[in-house]
Amino acid sequence: MATEGQSEYESVLCVKPEVNVYRIPPRASNRAIRAADWKLDAPDWTGRMRVTARGKLVFVKLEDKISGELFAQAPVEEFPGLTVETVSDSSRYFVLRIQDDSGRSAFIGIGFGDRGDAFDFNVALQDHFKWVKQDDEFKKQAQTPDTTPKLDLGFKEGQTITLNIGQSRKKDRSRPQSSGGFGLLPPPPGGKLAPPPVRSTNHNTQPSEGESDTGFLLDLDTSNSNTAAPSNPTTTASSDLWGDFDSVSSN
């Protein structure tokens with residue numbers, strides 16, 4: 001795995017200026033590892049940590065702060081896994097399995113003074129192996145042939161379609177529309193409207209012989225009924241005419 005990754009370029013995932021290294025006692029049982037069992041106040045080595053990636057493989061490198069000389073490194077093929085383990089009593093300490101060029105390995109403890117540095121180290125490993133998992137899934141999908149039937153929406157040879165744009169229906173044009181609930185009344189059956197009745201409004205008509213003055217006054221009152229409504233004209237006219245006869249009789 002490491003030999004395959006050596007032909008690819010190396011990218012830097014995370015750099016932390018200070019990390020402490022501790023010798024840890026051998027694991028006696030399957031119980032969880034506790035950082036309280038280490039000598040936290042007296043680290044065995046202090047230096048810089050640089051996390052790099054070459055292909056799918058990650059290398060956790062412990063280097064000297066000044067010269068950059070490599071102190072130890074741990075090749076990581078998966079996370080979480082046996083190469084990098086967390087402790088049960090703190091988020092700032094980890095167990096790291098280092099390995100030399102000859103293949104010998106050993107377990108050491110590492111710790112950060114700042115909790116944010118430990119968080120960045122953890123996230124850098126998680127993001128890289130999340131990318132590795134997605135890349136593997138994409139490659140599997142590319143190698144697996146797609147057996148689902150594909151929907152053909154293309155036109156067959158000689159097939160055409162017709163679009164009617166801007167043409168309305170004749171029924172909509174012939175049907176009259178009424179607005180406000182008041183429609184036009186239909187014409188009469190004969191097709192012609194009857195003329196309105198003619199009313200005589202000639203005020204200069206002279207009464208014929210034999211007609212009394214009372215009838216003439218009544219005609220005048222009838223023709224003027226559209227403009228003014230006099231109060232009881234018949235009674236008034238009769239009283240004026242008969243008043244003359246009353247005055248003659250009294251004499």
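**Exercise 1. In which loop is the place of Tyr 9? Is Tyr 9 buried or exposed?**

Solution. The model is a predicted one.
- Step 1: Tyr 9 sits in the loop between helix H1 (2-5) and E1.
- Step 2: The relative accessible area of Tyr 9 is 69%. Exposed means over 50%, so Tyr 9 is exposed.
- Step 3: Leaving out residues up to four places away in sequence, Tyr 9 touches Ala 53, Arg 54 and Gly 55.
- Step 4: Tyr 9 and Arg 54 are 45 residues apart along the chain, and their C-alpha atoms are separated by 6.0 Å.

**Exercise 2. Describe the largest nonpolar core and the place of Phe 121 in it.**

Solution.
- Step 1: The largest nonpolar core has 26 residues. Met 49, Val 84, Leu 96 and Phe 121 have the most contacts inside this core.
- Step 2: At least two residues of the core come from each of strands E1 (10-22), E2 (45-54), E3 (57-63), E4 (70-76), E6 (93-99) and E7 (105-111), and from helix H2 (115-143).
- Step 3: Helix H2 gives the most, with five residues.
- Step 4: Not counting its neighbours within four places in sequence, Phe 121 is in contact with Cys 14, Met 49, Val 51, Val 60, Val 84, Phe 94 and Phe 112.
- Step 5: Another core lies apart from this one and has eight residues, among them Tyr 22, Ile 24, Trp 38 and Tyr 93.

**Exercise 3. Find the residues joined by a cis peptide bond and locate the proline.**

Solution.
- Step 1: The cis bond joins Phe 79 and Pro 80, with omega about -5 degrees.
- Step 2: Pro 80 belongs to the loop between E4 and strand E5 (84-86).

**Exercise 4. Which residues make the nonpolar surface patch of about 520 Å²?**

Solution.
- Step 1: The patch is made by Phe 155, Ile 161, Leu 163 and Ile 165.
- Step 2: Leu 163 is in the loop between H2 and helix H3 (170-174).
- Step 3: The relative accessibility of Leu 163 is 64%, so this residue counts as exposed.

**Exercise 5. Work through three of the salt bridges and state where the partners lie.**

Solution.
- Step 1: The structure holds eleven salt bridges. One of them joins the side chains of Glu 18 and Lys 65, at 3.4 Å from N to O.
- Step 2: Glu 18 is in strand E1 and Lys 65 is in the loop between E3 and E4, 47 residues apart, and the pair links distant parts of the chain. Glu 18 is partly exposed at 44% relative accessibility, and Lys 65 is partly exposed at 40%.
- Step 3: The side chains of Arg 50 and Glu 63 meet at 2.7 Å, N to O. Arg 50 lies in strand E2 and Glu 63 in strand E3, so this pair ties together parts that are 13 residues apart in sequence.
- Step 4: Buried means under 20% relative accessible area. Glu 63, at 4%, is therefore buried, whereas Arg 50, at 21%, is partly exposed.
- Step 5: Lys 56 forms a salt bridge with Asp 136, with the closest N and O atoms 2.6 Å apart. Lys 56 is in the loop between E2 and E3, while Asp 136 is in helix H2, 80 residues apart.
- Step 6: Glu 10, Arg 54 and Lys 61 are joined into one network by salt bridges that share partners.

**Exercise 6. State the confidence of the chain and of residues 1-5.**

Solution.
- Step 1: The average pLDDT of the chain is 76, and 63% of the residues score at least 70.
- Step 2: Over residues 1-5 the pLDDT is below 50, and this stretch has five contacts beyond near neighbours in sequence.
- Step 3: Predicted coordinates should not be read in detail where pLDDT is low.

Terms used:
Residues are numbered from 1 along each chain as its sequence is written. Side-chain values use heavy atoms; hydrogens and water are left out. A nonpolar core is a set of buried Ala, Val, Leu, Ile, Met, Phe, Trp, Tyr and Cys residues joined through side-chain atoms within 4.5 Å. Buried means under 20% relative accessible area, exposed over 50%, partly exposed in between (1.4 Å probe, protein chains only). Helices (H or I, at least four residues) and strands (E, at least two) are DSSP runs, numbered from the N terminus. Contact means heavy atoms within 4.5 Å. Patches are made of residues with over 30% relative accessible area and no salt bridge: like charges are joined within 9 Å, nonpolar side chains (Val, Leu, Ile, Met, Phe, Trp, Tyr) within 5 Å. Accessible areas come from the Shrake-Rupley method with a 1.4 Å probe; for residues, only the protein chains shown count as cover. A salt bridge is a side-chain nitrogen of Lys or Arg within 4 Å of a carboxyl oxygen of Asp or Glu. pLDDT is the predictor's confidence in each residue, from 0 to 100.
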